[in-house]
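User: I have a chain open on my screen and would like to go through how it is put together. Can you take my questions one by one?

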Amino acid sequence: MKHIIIGTAGHVDHGKTALIKALTGTDTDRLREEKLRGISIDLGFAALRLNDELTLGIVDVPGHERFLKNMLAGTGGIDLVMLIIAADEGIMPQTREHLAMLELLGIQHGIVVLSKIDKVDNEWLELVEEDVRQLLSDTFLAAAPFCRVSAFTGAGLEELRLELLTEALKITARDSSAPFRLWIDRAFTIKGHGTVVTGSVLSGSAAVGESLQLYPAGEMVRVRGLESHGSKVENINAGQRAAINIGGTPVAALDRGMALSAPRRGLVSHIWDMIAEWRENITSGTRVRLHLGTGEYLGKIYRFKEQSTRYMRIILEKPLAAGLGDRAIIRQYSPQVLLGGVILIAPSKQSRRLSESRLLLAQALVSQNIKEMIRQLITDIGQPVTTEEIKRQMGYVRDAVVEEGLTSLIADNAVILEGSYYLTRKMVLDWTKQLSDIVGQYHREHPDRGGLSKEILRQKLVLKDRPFEILLTSWQKQGLVTIRGAEVAMQEFAVRHSDWRENLLEKADALLENIGLETVDWKILADKLQLSPDKARAAQEILLREGLLVRVGEMHVYRKTIQNIARLIYDHFTVNSTLTVAQLRDLLGTSRKVALPLLEHFDMHKYTIREGDVRRPGLKLEDLSE
Ligand SMILES: Nc1nc2c(ncn2[C@@H]2O[C@H](COP(=O)(O)OP(=O)(O)O)[C@@H](O)[C@H]2O)c(=O)[nH]1
Ligand SMILES: [Mg+2]
């Protein structure tokens, strides 16, 4: 069973509603006010069963310019349009305006209907048709079939039915296996049943019992029941009109313009970047109305720095839930002149410039190159990203299409899969280069340290936790880095560093053996070990950390020297009961300036105990007896 949604379009009073009634028996003017005034105000709905295989959902729109907002709400979801022009009046302002909107919305199929032919003679009819063909000559309707009908006499209705069938068969049905999406056009309560919303199913399908996400708020709702054209059904599919019972959600919380969507699809934002096609001159800061799906959104449009008006940004007064590639109409706020049509790219980033990746994404979008869209989307996101997130940001494209694209990009080596994250090859190369720059510089500045803290590295690379861990593991596997505890070192450095360190520790004792009470600063190390100042400072840090050098006051004293002095003190106490600073000074043949911090060091390590001006033997000193 194929499902197609058709819409009417055309100037007010040109016989749209009468024609739908003649075709289907349904009067789509449901409102009392519509009946009273004899004019369509809001959308009307009807079904036309053409054969067992094909039922058309019909959306009848108002033609009056005051209700253009409603016309747009109805036209957003149609596959095929009937452009209706009254034979007696011919082309009128809304004939042109509707035609322009249909073009901007990217509608591709249509039938031209000359209505009320009972009111004119043949000669006149030829003239009008000539006019209309001229108007349509460079539009999507240039080669569309023409039908001449009268809703009153029934003339031409059979031919029209036939044309509808022929055209509907030509149209590729909307994708029922894509993610579900429906723009809400009405919401009401049915006593004892709860809240019902209606709309045209743009893509996907939904079944009773399923959960859908209500945008823009994002809450989950459950499908309690489904109807299409007044009959209960278990499923609804793309291209069908649907009434969905969503139970407890209060009607007051619902509005035309909201959407029901497969969970986690599309994005919600107040600010969107878009590709524009303008029919008027546009200035930055213009207050506008954006019409997308069944909704109308007020906002202002802005130019990007150094960009033409081909790409612009819109800042809306309320959040818009949309997907990559959604088409919308833009009208001036007041008077409500049609300004142009846009294709949404993505919610805006901070910068007032259009980034190169976003520009490339836009170009791929216009040329409908799915593979390139995916590649540029990943680049534009700028972080390693999961399939789930790519699908969400690709809008309402079928999962399999996204998966195919990714597989093919991987085969081309344009995209790389690390863990469950995708990133472009260029991103990997860029991050790897940044890694060696950042960690390399750290090693140069801190040759004594084993490596850079992981967390600092993550922040410098501007990566999220999970993706960072995954990249790091991959770098480790490639032998690029070594990870020790919470530190990362370039493998090269780590190897060199540890060899050098081992070597230093081995040689140190022999070199410092006779150093005595001299402070071992980096200059001595540079001299004795033939090191550059940087390396010598590094060596000093390592020796201090490993305990080969001991900080005593401002001196760095060799460990064995300290042990020798402790020995001297031990010997001293075998014949004396106290030790003074002056005595130690004389014992060592040094100055008071050196003896005092030495004694303090021994106090601290419990070799001596201070009592006023003298020291007595401490507990630790016992260890030296043997
Ligand atoms: N003579 C004639 N009048 C028609 C025909 N179709 C519609 N009308 C009249 O034209 C007026 C507008 O019709 P309607 O269907 O409401 O136009 P809409 O605004 O395009 O929906 C009404 O008064 C209709 O009775 C037709 O085929 N022949
Ligand atoms: Mg009407």
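User: In which hand does helix 7 pass helix 8, left or right?

Analyst: The crossing of helix 7 over helix 8 is left-handed. Bear in mind that this is a predicted model.

User: At what angle do the axes of helix 7 and helix 8 cross, and within what distance do they come?

Analyst: Helix 7 covers residues 356–366 and helix 8 covers residues 370–381; their axes cross at roughly 160° and come within 8 Å. The two helices are therefore roughly antiparallel to each other.

User: Which residues make the contact?

Analyst: Helix 7 contributes Ser-357, Arg-358, Leu-360, Leu-361, Ala-364 and Leu-365. From helix 8 come Glu-372, Met-373, Gln-376, Leu-377, Thr-379 and Asp-380. Sorted by class, the contact of helix 7 with helix 8 has six nonpolar, three polar and three charged residues.

User: Now helix 18 and helix 19. How do their axes cross?

Analyst: The axes of helix 18 (residues 581–588) and helix 19 (residues 592–604) cross at roughly 115° and come within 9 Å. That makes helix 18 roughly perpendicular to helix 19. The crossing is right-handed.

User: Which residues meet there?

Analyst: On the helix 18 side they are Val-581, Leu-584, Arg-585 and Leu-588. Helix 19 meets them with Arg-592, Ala-595, Leu-596, Leu-598 and Leu-599. In the contact of helix 18 with helix 19, seven residues are nonpolar, none is polar and two are charged.

User: Let's step back. What are the domains of the chain?

Analyst: The domain assignment gives domain 1 (2–170), domain 2 (181–261), domain 3 (267–354), domain 4 (360–412), domain 5 (427–496) and domain 6 (512–623).

User: How far apart are the centres of domain 5 and domain 6?

Analyst: The C-alpha centres of domain 5 and domain 6 are 39 Å apart.

User: On to sheets. What is the strand order in the open sheet of six strands?

Analyst: The order is 2-3-1-4-5-6, and the pairing is mixed. Strand 2 (44–51) and strand 6 (146–148) are the edge strands, each pairing on one side only. On average, neighbouring strands of this sheet are turned by 25° against each other, direction ignored.

User: How do strand 1 and strand 3 pair, parallel or antiparallel?

Analyst: Strand 1 (residues 2–9) and strand 3 (residues 54–60) pair in the parallel sense over six bridges. Lys-2 has Leu-54 in strand 3 as its bridge partner.

User: Which strands of that sheet does helix 5 touch?

Analyst: Helix 5 (residues 122–136) packs on the sheet and touches strand 4 (80–86), strand 5 (109–115) and strand 6. The direction of helix 5 makes about 155° with that of strand 5.

User: What is the phi of Lys-116, and where does that residue sit?

Analyst: Lys-116 has phi near 55°, a positive value in a residue other than glycine. It is found in the loop between strand 5 and helix 5. Most residues other than glycine have a negative phi.

User: And the open sheet of three strands: what order does it have?

Analyst: The order there is 26-28-27, with antiparallel pairing. Strand 26 (452–453) and strand 27 (481–484) stand at the edges with a single partner strand each, so one side of each has no neighbour in the sheet. Strand 27 pairs with strand 28 (residues 487–490) over four bridges in the antiparallel sense, and Val-481 stands opposite Met-490 in strand 28. Helix 11 (residues 425–445) packs on this sheet, touching strand 26 and strand 28, and its direction makes about 95° with that of strand 28.

User: Over how many bridges does strand 21 pair with strand 18, and with strand 20?

Analyst: Strand 21 (residues 311–322) pairs with strand 18 (residues 267–278) over eight bridges, in the antiparallel sense. Trp-272 has Ile-314 as its bridge partner in strand 21. Strand 20 (residues 295–303) pairs with strand 21 over five bridges, also antiparallel, and Arg-303 stands opposite Met-312 in strand 21.

User: Last topic: the prolines. Is the peptide bond from Tyr-215 to Pro-216 cis or trans, and what about Ser-334 and Pro-335?

Analyst: The bond from Tyr-215 to Pro-216 is cis, with omega near 10°. A cis peptide bond also joins Ser-334 and Pro-335, where omega is about -10°.

User: Where are Pro-216 and Pro-335 found?

Analyst: Pro-216 is in the loop between strand 11 (211–215) and strand 12 (219–222). Pro-335 lies in the loop between strand 22 (327–332) and strand 23 (338–347).

Terms used: Residues numbered from 1 in each chain as written. Chains lettered and ligands numbered in written order. Predicted model: local features only at pLDDT ≥ 70, side-chain atom pairs only at ≥ 80, totals over all residues. Axes fitted to C-alpha atoms, helices over the stretch in contact; angles between N-to-C directions. Parallel < 35°, antiparallel > 145°, perpendicular 65-115°, else oblique. Left-handed = near helix turned anticlockwise from the far one by under 90°. Contact = placed C-beta atoms within 7 Å. Nonpolar A, V, L, I, M, F, W, Y, C, P; charged D, E, K, R; others polar. Domains from an automatic or database assignment. Pairing = 2+ DSSP bridges.
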